[in-house]
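Student: I am new to this structure and would like to look closely at one part of it. Please choose a single region and take me through it slowly, explaining each term as you use it.

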Amino acid sequence: MRFSLRLKLALIALLLPALPYSGIQLAALVKANLLESKKESLMFSARAVASALSGREGLFDEELFHSLNQGRDLYLFQLTNPMRLNGKTDDWEPYLKNAKLFGAANILETPHSFVENGSGFRHLIGRRGEYIYAIFLVLDEHLVYREKNSLALDRSDHLKIAIEDRQGNLNRYIIAANGPGWVNGSLIAKDFDSILPAIEEPRIQGVWLETSTGYTLEIRLPQQMVGNRLAFAIADVDNTSSRETETLIGTASIDEPEKIGWLLTPSSSIEKILQSFKRPEAKIQIVDSNQHIRASYGSLKISDSAAKTPPAPSFSSYINQILSPLYRLFTEPFADDFADPLAQPSTRSLAGVTEALKGQSSLSSYRIAEGKVEVMAAVEPLYENDTIIGAVVVEQTTNSILALQNRVIEESLSLTLLVLVFGGSLLFFFAYRISSRIGKLRDQAAGAIDNNGQIHDTITPPARSGDEIDDLSRTLHSVLSRLKTQSLHREKMADNLEHEIRTPLSGASASLKNLAQELVGQPDSILEYVNWAQADIRRMEDLLSNIRDATSLEDALAQGFTERFDLSEALALWLEHGWRSTFTEVDFLYEKPAREIFVQGDPDRIRQMLDKLLENAVAFHQHGTAVELHLEPGKSSNILKVINQGPPIPDTMLEEIFNSMVSIRTANDTSPHLGLGLFVARTIARYHNGSIRAANLEDGRSGVCFYIELPQSFPAES
């Protein structure tokens, strides 16, 4: 069966579509479908959690989800950092961004007309272990400390604390400092208006530090002292003489028990319920009507045990490691190891929570870890008796989807690379085979005709029928065979014609001689006709001799011999004893080089070549000008110039004049010329591994210069 090149290329091309044609598109489709499935799953989970919590009677009353007041309720953070009671804020990072500012809008009382002076404080409260910690960043231009040995606690800058204990009793405390450093709380007997008697409370501890804008107060108290209500107030005293409180700014009223703010803490009861909805790498949060997170369970990160278990090494893992730079060009990067957002921020401002508190379900997404991780969130309203009291937020990263998408892309790229390597190797082998065959055919075609124009049948036809290259080989072989046959026929035809024409010419010449003898004594006019006829026969014999010499020159050159001789000396001898006596009406200029210039060749043939060139130069030279000869040695070749002044050669004929039977002589030239002289000269030059070319003069004169290059000959090493 015959396979053409087109069919072979088509068959190989069919292998490449075996690549996973749309591996990346397939991965994108997988990602889109998985994202849609994850959205539906997250929304279903959010609705399931909301339904489960709404079915627990009394749960929201117990967890203080009713009668919330954003302005006075305090949110208790779940602190994760180790806490050191030193008055510094480093342990509170990164919670400080959630610290609430209390200022002019939170003034509880002022004895005088209030003047805005920048007073106020930022406050944060949290739980760590068995203790509750609170920090106050107070703005105060004039610090006033408690006088030494003074029993009064409200005659200086101080902190007032109102606590409802677990038995429902309201207890009031004051912290006043004698100066920067350690402080303790003091229990007030009844209310803040009757300060005395005061009892020191060592369980309430703190550190007071001055700052450039006021002071920082960090306190700690046992969690068992606190029930459900808690309030703080900062009293500012500026006048050291009167020591009266200028302003009292607080989180809530500290005098009326029913106005003290609720202490909102994460609900352990709700978190236990959330454990039954455990989702891998997902976090469920319950947000109240003030967008405080009241319960949270789960994590966005992969479990530590799974993260610390490295995959077993395999061959594919090594391949993936090697190809990882390629994978990174097409896959979407994401971070496995990232800091999970705080489990208990003070509020949740996620897009969709506000809509959920209005009764609308929503799906949204945001990015964390400097944009390297995308988090999807489903938000569902939380009802109790048709009243919205909060929202359920279920979050999960898209890392698992991206991991699956990247795995599909990586497998597609691996398969693509494998097929490309296989297909590329096949194509390389096929291209190499084609190029080698074409190169071989090119070399054979290049050697089919040598520099002398001889045709050699060097193209070997293929043994069997193959593709288009084999067809081309057979066609070229057939063409060269026909050309060689025609060339041989023309060469033999010249000899045959010369032989056939010379025989009758010889007879005609003999007859004319006899006729001349018979006409002796006749008028001279009759004898002149006979002489003209004899001259024409001699011209025809000369033309036949030239044709024979041209056609048999290559064979004659092959039978000749070469020797090493001084070309400069030979030119001087040939000029003196040959050309000057032959062309007596022409001046020749030749300056013999100062040193010997040797060439390897047949002196007779080189002189024959120069005879043809000088005959041509003399024929075209301008009367009164000389024919010049210049011999110059080169690095590897000697250059001989033959210059005559006269008409230039048309540019289109500079190469053509060296071909056989080409002449640019005028029609009235009486000498017999067939355009073989320059052809003979080029044949002799090429035989000596040289070259010959013609160029018009460019030195301001009109004429032609023939350049002959012959290789230098160096003496043989002894």
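Tutor: What follows is a walk through one sheet, beginning with the whole protein and ending with some charged pairs.

The model is predicted, so local features are described only at pLDDT of at least 70 and side-chain atom pairs only at pLDDT 80 or more, while totals for chains, interfaces and linings use all residues. Residues are numbered from 1 along each chain as its sequence is written, and side-chain values rest on heavy atoms, with hydrogens and water left out.

The protein contains 14 helices and 26 strands; these are DSSP runs numbered from the N terminus, a helix being H or I over at least four residues and a strand E over at least two. Of its 718 residues, 41% count as buried, where buried means under 20% relative accessible area, exposed means over 50%, and partly exposed lies in between (1.4 Å probe, protein chains only). The protein exposes about 39200 Å², of which carbon and sulfur atoms supply 53%, the areas coming from the Shrake-Rupley method with a 1.4 Å probe and, for residues, with only the protein chains shown counting as cover. If we take the contacts between residues at least 6 apart in sequence, 66% join residues at least 24 apart, a contact being heavy atoms within 4.5 Å.

Now to the sheet itself. Five strands form an open sheet in the order β16-β15-β19-β18-β17, with antiparallel pairing; two strands are said to pair if DSSP finds at least two bridges between them. Strands β16 and β17 stand at the edges with a single partner strand each, so one side of each has no neighbour in the sheet. Direction ignored, neighbouring strands of this sheet are turned by 20° against each other on average, where the axes are lines fitted to C-alpha atoms (for helices, over the stretch in contact) and angles run from 0 to 180 degrees between N-to-C directions. As a general point, strands of a sheet pair through backbone hydrogen bonds, either parallel or antiparallel.

At one edge, β15 (282-288) and β16 (293-298) are connected by a loop that contains Q291, and the phi of Q291 is near 65°, a positive value in a residue other than glycine. These two strands run antiparallel and are joined by five bridges, with I286 standing opposite A295 in β16.

At the other edge, β17 (residues 362-368) pairs with β18 in the antiparallel sense over seven bridges, and R367 has E374 in β18 as its bridge partner. The two strands form a hairpin with four residues between them, and A369 in that turn has a positive phi of about 55°.

Strand β18 (373-384) then leads to β19 (387-397) through a loop in which D386 lies. Ten bridges join this antiparallel pair, and L382 stands opposite G390 in β19. This hairpin has two residues between its strands, and N385 in the turn has a positive phi of about 55°. The phi of D386, which is not glycine, is positive as well, near 65°, and D386 is exposed at 74% relative accessible area. Strand β18, by contrast, is mostly covered, since eleven of its twelve residues are buried.

How is β18 tied to a helix elsewhere in the chain? E380 forms a salt bridge with R47, and their closest N and O atoms are 3.6 Å apart; a salt bridge is a side-chain nitrogen of Lys or Arg within 4 Å of a carboxyl oxygen of Asp or Glu. E380 lies in strand β18 and R47 in helix α2 (residues 23-54), so this pair ties together parts that are 333 residues apart in sequence. E380 is buried, at 12% relative accessibility, whereas R47 is partly exposed, at 46%.

By the same rule the count comes to 16 salt bridges, and two others may be set beside this one. R243 and E147 form a salt bridge with their closest N and O atoms 3.5 Å apart, linking the loop between β12 (229-237) and β13 (245-250) to the loop between β6 (131-139) and β7 (158-164), 96 residues apart. Here R243 is buried, with a relative accessible area of 12%, and E147 is partly exposed, with 43%. Elsewhere, salt bridges that share partners join R84, D90 and D91 into one network; within it, D90 and R84 have their closest N and O atoms 3.3 Å apart, and D90 is partly exposed, at 41%.
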